[in-house]
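Reader: I'd like to get better at reading side-chain features straight off a model. Could we go through a few together?

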Amino acid sequence: MSNVLYEKSDGVAYVTLNRPEAMNAIDEATNAELAEVWRDFAADDAVDVAILTGSGRAFCAGADLKTFIPKWEGANMLDVRKNIPHGLGGGLTRGQHRIYKPIIAAINGYAVGAGLEIALACDIRIASEKAKFGVFEVRYGLHQGDGGLVRLVAVAGVGVALDLTLTGREVSAQEALALRLVTRVVPPEELMQTAEETARMIRRNSRNAVRSAKETILELIGRPLDDALRLETLYGYSSLGDFADARARLAQFGKK
């Protein structure tokens, strides 16, 4: 792979978009490489958490419009229908979004257009102070189609989704924090360190509990209250499995 760098160390997968000359815009080749990466990450039992970031001054500037627009300009309705199972970011936005291992976005620079959609598809978003965000699709005659609207509403609410989508304005890292688009903003030189510390905190917890918790949260979205409560009970209690992990952890806690 040339457009995506993929490394693994100490249970963490490092995924770096590597088209700095194009501000890490997603073209067909990059999308295909990312799909391969997420399949491997999901299947590899030696890694528990992924950190997604970008090389250069951008996290991801969205879809590569030089190839994206011509592709869909000549598409028919069946092409649109066939695209439904396959989102951008290698399917992270739609299709491979049910990976239950946590994915951290270390947002080093511009996360705009589909780049924002990809960031929103990650579980935890940590931004550099230099990061910039924006729904830039409307500037080019289209709007989000890869989970951007769904996740913006879920993360930040209808009002923020309408504001950012209809104006197409740029958002600073600090405003993104205020709007709940990210959970932390740190100096650029501390970004990867903070993401790695977050990954280590996750890895210290029960693997079964972490993955079940992510699965449960995804299942609860949009459910009526009674259904959601039933599912949380079912998934929460059953995540204990045969109690072996919980018993060992409680024994360690008792020794302390």
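Reader: Which residue lies over the face of F136, and at what distance from the ring centre?

Author: That one is R139, at 3.7 Å from the centre of the F136 ring. Keep in mind that we're looking at a predicted model. There's another case to look up: K101 lies over the face of F41, with 5.1 Å to the ring centre.

Reader: And ring against ring? How many aromatic pairs does the structure hold?

Author: The general idea first: a pair of aromatic rings is described by the distance of the centres and the angle of the planes. Here you'll find 1 aromatic pair. In it, the centres of the W38 and F41 rings are 6.1 Å apart and the planes stand at 70°, so this pair is edge-to-face.

Reader: Where do W38 and F41 lie along the chain?

Author: Both are in helix α1, residues 28-43, and they sit 3 residues apart, about one turn of the helix.

Reader: Are W38 and F41 buried or exposed?

Author: W38 has 0% relative accessibility, so W38 counts as buried. F41 also comes out at 0% and is buried.

Reader: Now the outside. Which residues make the nonpolar surface patch?

Author: V153, V158, L162 and L166 make a patch of about 380 Å². Helix α6, residues 158-167, gives the largest share of the patch, 3 residues.

Reader: Why does V158 count as exposed?

Author: Exposed means over 50% relative accessible area. V158, which is found in helix α6, has 52%, so V158 is exposed.

Notes
Residues are numbered from 1 along each chain as its sequence is written. This is a predicted model: local features need pLDDT of at least 70, side-chain atom pairs count only at pLDDT 80 or more; totals for chains, interfaces and linings use all residues. Side-chain values use heavy atoms; hydrogens and water are left out. Patches are made of residues with over 30% relative accessible area and no salt bridge: like charges are joined within 9 Å, nonpolar side chains (Val, Leu, Ile, Met, Phe, Trp, Tyr) within 5 Å. Accessible areas come from the Shrake-Rupley method with a 1.4 Å probe; for residues, only the protein chains shown count as cover. A salt bridge is a side-chain nitrogen of Lys or Arg within 4 Å of a carboxyl oxygen of Asp or Glu. Helices (H or I, at least four residues) and strands (E, at least two) are DSSP runs, numbered from the N terminus. Buried means under 20% relative accessible area, exposed over 50%, partly exposed in between (1.4 Å probe, protein chains only). Rings of Phe, Tyr and Trp (its six-membered ring) pair if their centres lie within 6.5 Å; planes under 30 degrees apart count as stacked, over 60 as edge-to-face and the rest as tilted. A charge sits over a ring if NZ of Lys or CZ of Arg is within 6 Å of the ring centre and within 35 degrees of the ring normal.
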